[in-house]
Amino acid sequence: MSRILLIVSGGIAAYKALELVRLLRRDGVGVTSVLTDGGAQFVTPLSLQALTEEKVYSSLWSLTDESEMGHIQLSRAADLLVVAPASANILAKMAAGLTDDLASTVLLATDKPVLVAPAMNVRMWTHPATVAAMATLRGRGVHVVGPEEGAMACNEYGFGRLAEPAAIQAAIRSLLHHASLHHASPAAARPLAGRHALVTSGPTHEPIDPVRYLANRSSGRQGHAIAAALAGLGARVTLVTGPVGVPDPPGATVHRVETAEQMLAACMAAFPADVAVCAAAVADWRVAAQSSTKIKKTPGGVPPTLTLMPNPDILATLATAGPARPRLVVGFAAETDDVLDHAQAKRTRKGCDWIIANDVRPETGIMGGELNEVYLVTASGVEAWPRLPKSEVAGRLAQRIAEALDVAEALA
Ligand SMILES: Cc1cc2nc3c(=O)[nH]c(=O)nc-3n(C[C@H](O)[C@H](O)[C@H](O)COP(=O)(O)O)c2cc1C
């Protein structure tokens, strides 16, 4: 039987932790709970004890519990630690490594995976202190579910509502599933087995005449790394790539194209897919009238004028493909100014689920370089990821895609 340690901290949404326990028990998951002092203001130990059918822990200073080093035992006995709801206070303490009560001590003493479900007022959630704490925790590999957008108990509206218990249950199922696979055999940890992932990568080349073209500086490194990471987690991967100098990623079926129109056609031909990751830097425009012969330079002649026309929008087309739409559509936003504003607007405009945004000003060295520093922009907010090798960005993204597909499937 899988076992979780559920930490209930102080927030108005703590009552939903009781519903979560009920769902988990129905799944056959063993639940031991820790109630913070704040949490105990909102739910009683008796309710938790009745639903978990286990003792509820709350004090670091209990002689009977601590004679057996209870705070260490509690995390040792669990496959996963879940903080739901996670108050702004406990998230800040986790980020800082504080251990002034049983919950925070257990969280620092554990080497098990940790899932947090934040819940708080929207201004607490968007406060730079909480944003920084979340970035730190995510950077350390803490898993996060929610919060969601909606009306709040404090009569305000915005992000900060606890994720629904069913969504937290789905995230827990997914993490327990991966943990058990890892435990059984590291080679079996293929959470994307049976899924089809479509990835675009590289630049497009838009011909001017038979020898010249319009292009951009995309190297294909990030898109190819994502294709490799998704294949590494067991997905069947179709990679549609523009002209690049990087090697084919292992485990992917590669379709080479030149132009945006060819890239779109190859993507549509690869449907259906569970997830589409559009990492290609598709040229926004192509030359309206390509010359079928080389445009000649005549001595003293006037340079030719190129008239451009819009290319198909591949990301928007995949994201609005009706019933054939992949369950998860991820786009990229390479920006040189107002990165986040542009990325958030792009997510809405294109109808995609996530945007990976990065700052591609030449001084960042990102375009064509080995490292990347991205923001993950989703419906629930923005995560700033640390500067990482592109392969690590790809690994993290692939893991997040696996989790999101599991959650979406569980809720469908
Ligand atoms: C009525 C009420 C509702 C609260 N709701 C929340 C909440 O939803 N999220 C939050 O982070 N803090 C909330 N707080 C504040 C926390 O309870 C407080 O920061 C507490 O110290 C958290 O302690 P803990 O994290 O150890 O449980 C609320 C406080 C009150 C009095």
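Domain bounds here come from an automatic or database domain assignment. By that assignment the chain splits into domain 1 (3–182) and domain 2 (190–411). This is a predicted model, in which local features need pLDDT of at least 70 and side-chain atom pairs count only at pLDDT 80 or more, while totals for chains, interfaces and linings use all residues. Residues are numbered from 1 along each chain as its sequence is written.

The centres of domain 1 and domain 2, taken over C-alpha atoms, are 36 Å apart. Their contact involves 14 residues from domain 1 and 11 residues from domain 2; two residues are in contact if their C-beta atoms, placed from the backbone, lie within 7 Å. On the side of domain 1 that touches domain 2, α8 (128–139) and α9 (165–184) each supply at least two residues, and α9 gives the most, with seven. Helices (H or I, at least four residues) and strands (E, at least two) are DSSP runs, numbered from the N terminus.

Next comes a sheet. Eight strands, in the order β13-β12-β9-β14-β17-β18-β20-β21, make an open sheet with mixed pairing; two strands pair if DSSP finds at least two bridges between them. β13 (252–256) and β21 (381–384) are at the edges with a single partner strand each, so one side of each has no neighbour in the sheet.

Within this order, β17 (residues 328–335) and β18 (residues 354–359) pair in the parallel sense over six bridges. Phe332 has Ile356 in β18 as its bridge partner. Helix α13 (residues 339–350) lies across β17, β18, β20 (374–378) and β21, and runs at about 145° to β17. Axes are lines fitted to C-alpha atoms, for helices over the stretch in contact, and angles run from 0 to 180 degrees between N-to-C directions.
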